[in-house]
Structures are given as C-alpha cells and as structure tokens.
Amino acid sequence: NTEKQDEAPPVTLQSRQAANPIVSMAKKLGLRTLAWISVYMLGYFDFSVAWMITPLLLSVMRDQWKKDKRNKLTAARESALSNEQAMIEARMNVEDLPSWVFFPDKERAEWVNSILKQLWPYVNDYVRHTLFNTVEPAVESALKAYKLTPFKFERERVFLGQVPPRITGIKVYDTNTSRKEIIMDLDIVFASDLEIVFKVKGIPARVSDFGLRGMARVVLKPLISQIPLVGGIQVYFLKAPEIDYTLGGVAGTLEIPGLNKI
C-alpha cells in the first residue's frame with residue numbers, strides 16, 4: 001500500500017518591518033506635525049479650503065494605492081513559495097493561479113521551479129558581483145558628465161531577496177516549427193522581496209519589492225549534432241510584461257500613482 005505524501009500548506013509571509021522603528025516613528029511624527037502646521041497656516045492666512053482638501057485627497061489615494069499594491073505583491077509571493085496543489089486548495093485569487101489550470105495546452109513546471117529555488121542564492125551572489133564590479137563603475141563614469149558622482153551601491157543592502165521567479169505554465173511547440181529549432185512559451189511570475197540601495201553624491205535612494213508578470217518565449221536554435229546540441233538561445237517577451245516596484249529615499253518622490261510609470 002502506498003501512502004499519500006502530505007502536502008505542505010500554503011506559505012504565509014510576514015510583513016517586512018522597518019529597519020529602525022525609532023526613525024520610522026520620528027518620520028511619522030514629523031509628517032503629522034508638518035500637516036497640522038500647514039492646516040493652521042492655511043486658516044491663519046485665510047486661504048481657500050481647496051488648498052487643504054486637494055492634498056488630503058491625494059494623500060488618501062496614495063495610501064490606498066500603496067496598500068493595494070502591497071497586498072497584491074504579498075499574495076503573489078505566497079503563491080510563488082507554495083506548491084501548486086496547496087495553492088489551488090487554498091483558493092487564492094484567480095490571477096495568482098498557474099496558467100495550466102485554465103489552459104489545457106500548458107504544462108506544469110514544478111521541477112523547473114524547484115531548480116530555480118535551489119539556484120537562487122547563487123544567482124544572488126552573481127548579480128551582486130556584477131553590480132559592484134561592472135555596473136557601478138559604468139554608471140559612475142556616465143554620471144561624471146552631469147557632475148553626479150560619486151555613485152555607490154550599499155554593499156550590505158543589495159540582494160535579490162528570498163523569492164525566486166516562478167514559472168506557472170510552459171508550452172512546447174511541436175507543430176508548425178522547423179526541425180532545427182525548439183520553441184517554448186513560459187508564463188513567468190516574479191514577486192521579489194529584493195532591495196537595492198545606492199547613493200548619488202551621498203544622497204540615498206532605494207528600489208525594492210520588484211514585481212514582474214508576463215509570457216516569455218524561449219527559442220533554441222539552431223540544433224546541432226555537437227555538444228551542447230544548441231547553437232544559440234533567444235529569450236524575449238511576446239508583449240510588454242507587467243512591471244512594478246517601490247522607490248525609496250530621494251526616489252520616493254516619484255511614488256505617486258501615474259507618475260511612477262514615467
């Protein structure tokens with residue numbers, strides 16, 4: 001008799017806490033104080049009430065937009081770290097379910113996701129090495145013409161996070177293709193908890209919580225009779241993927257709905 005193996009429950013991620021709670025509290029207190037002083041000054045100088053309502057509405061819209069964005073990203077991370085059966089049984093949002101649930105021509109790719117999960121720490125080390133030794137000198141050289149140097153990555157705050165990309169469905173074309181090529185379509189979801197902090201002229205900026213969703217086509221051609229059997233690889237998205245991220249530091253001024261898409 002064979003016993004059914006127990007499936008791991010869906011992963012639930014905890015919200016990321018602020019690195020320094022004292023700084024966070026001081027920042028909130030300063031913003032509240034500034035808001036109250038602004039309201040007082042508007043009344044003191046007898047300005048129109050519209051000058052108070054407009055910033056209030058924009059602030060509420062921004063907070064709601066960031067909350068929805070954070071909830072969506074957290075749900076995508078949970079689905080990325082959960083096995084597919086547990087994810088379906090938990091009845092997650094439709095957009096978080098793997099594509100093979102809806103399209104019979106798509107196949108599961110759990111074995112690929114398992115490999116990505118094991119390789120991810122080494123990918124992180126490779127990307128860090130590339131950023132520090134190749135990207136940083138190139139960016140600093142390009143910024144010299146604009147007198148925006150020095151440019152430096154924060155060594156202790158550059159990492160790709162613990163959540164690897166996830167392939168939710170794969171389709172291999174076996175008809176209407178050349179015998180000397182292999183064509184695959186991959187549904188990719190990347191809900192990363194990465195953080196990249198850098199400084200420009202000593203002013204800090206941060207990019208975090210990067211998200212990507214799209215369909216990538218992988219073409220292996222030409223097929224050859226010698227190792228490694230493939231002469232080249234092409235990878236591209238069939239249409240522009242959905243990309244999202246969070247800005248911090250001096251770049252946080254762009255964290256406004258619509259403006260952050262520029």
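## A walk from the surface patch to the cores

Start on the outside, where Ile 37, Tyr 40, Met 41, Tyr 44 and Phe 45 make a nonpolar surface patch of about 580 Å². Keep in mind as you look around that this is a predicted model. Ile 37, one of the patch residues, belongs to helix H1, which covers residues 21-44. Its relative accessibility is 47%, so Ile 37 counts as partly exposed.

Now for the inside. In soluble globular proteins, nonpolar side chains tend to be buried together. Here, the largest nonpolar core has 14 residues, and the members touching the most others are Ala 109, Ile 167, Ile 170, Met 184, Leu 186, Ile 188 and Val 218. Which elements supply at least two residues each to this core? They include helix H4 (110-143) and strand S2 (166-173), along with strand S3 (182-191) and strand S5 (203-220). There's also a second core, separate from that one, with eight residues, among them Leu 131, Leu 143, Val 158 and Ala 205.

Next, the rings. The model has six aromatic pairs. Take Phe 132 and Phe 153: their centres are 6.3 Å apart and their planes make an angle of 55°, a tilted pair. This contact links distant parts of the chain, since Phe 132 sits in helix H4 and Phe 153 in strand S1 (residues 151-159), 21 residues apart. Are these two rings buried or exposed? Phe 132 has a relative accessible area of 13%, so it is buried, and Phe 153 is buried too, at 9%.

Phe 153 has another partner in Phe 198. Why is that pair called edge-to-face? The ring centres are again 6.3 Å apart, but the planes stand at 75°, and an angle over 60 degrees counts as edge-to-face. With Phe 153 in strand S1 and Phe 198 in strand S4 (residues 195-200), the pair ties together parts that are 45 residues apart in sequence. Phe 198 is buried, just as Phe 153 is. Step back, and you'll find ring pairs linking Phe 132, Phe 151, Phe 153 and Phe 198 into a cluster.

Phe 132 has a charged neighbour as well: the charged end of Arg 155 sits over its ring, 4.2 Å from the centre. That's a handy bridge to the ionic contacts, because Arg 155 also meets Glu 136 in a salt bridge, at 2.6 Å from N to O. Glu 136 lies in helix H4 and Arg 155 in strand S1, so this pair links distant parts of the chain, 19 residues apart. Arg 155 is partly exposed, with a relative accessible area of 35%, whereas Glu 136 counts as buried at 5%.

Glu 136 pairs with Lys 152 too, and there the closest N and O atoms are 3.8 Å apart. Lys 152 is in strand S1, so this contact with helix H4 ties together parts that are 16 residues apart in sequence. At 41% relative accessibility, Lys 152 counts as partly exposed. Put together, Glu 136, Lys 152 and Arg 155 form a network of salt bridges.

In total, the model has seven salt bridges. One of them joins Glu 110 to Arg 166, with the closest N and O atoms 2.8 Å apart. It connects helix H4, home of Glu 110, with strand S2, home of Arg 166, and the two residues are 56 apart in the chain. Glu 110 is partly exposed at 22%, while Arg 166 counts as buried at 6%.

Terms used
Residues are numbered from 1 along each chain as its sequence is written. This is a predicted model: local features need pLDDT of at least 70, side-chain atom pairs count only at pLDDT 80 or more; totals for chains, interfaces and linings use all residues. Side-chain values use heavy atoms; hydrogens and water are left out. A nonpolar core is a set of buried Ala, Val, Leu, Ile, Met, Phe, Trp, Tyr and Cys residues joined through side-chain atoms within 4.5 Å. Buried means under 20% relative accessible area, exposed over 50%, partly exposed in between (1.4 Å probe, protein chains only). Helices (H or I, at least four residues) and strands (E, at least two) are DSSP runs, numbered from the N terminus. Rings of Phe, Tyr and Trp (its six-membered ring) pair if their centres lie within 6.5 Å; planes under 30 degrees apart count as stacked, over 60 as edge-to-face and the rest as tilted. A charge sits over a ring if NZ of Lys or CZ of Arg is within 6 Å of the ring centre and within 35 degrees of the ring normal. Patches are made of residues with over 30% relative accessible area and no salt bridge: like charges are joined within 9 Å, nonpolar side chains (Val, Leu, Ile, Met, Phe, Trp, Tyr) within 5 Å. Accessible areas come from the Shrake-Rupley method with a 1.4 Å probe; for residues, only the protein chains shown count as cover. A salt bridge is a side-chain nitrogen of Lys or Arg within 4 Å of a carboxyl oxygen of Asp or Glu.
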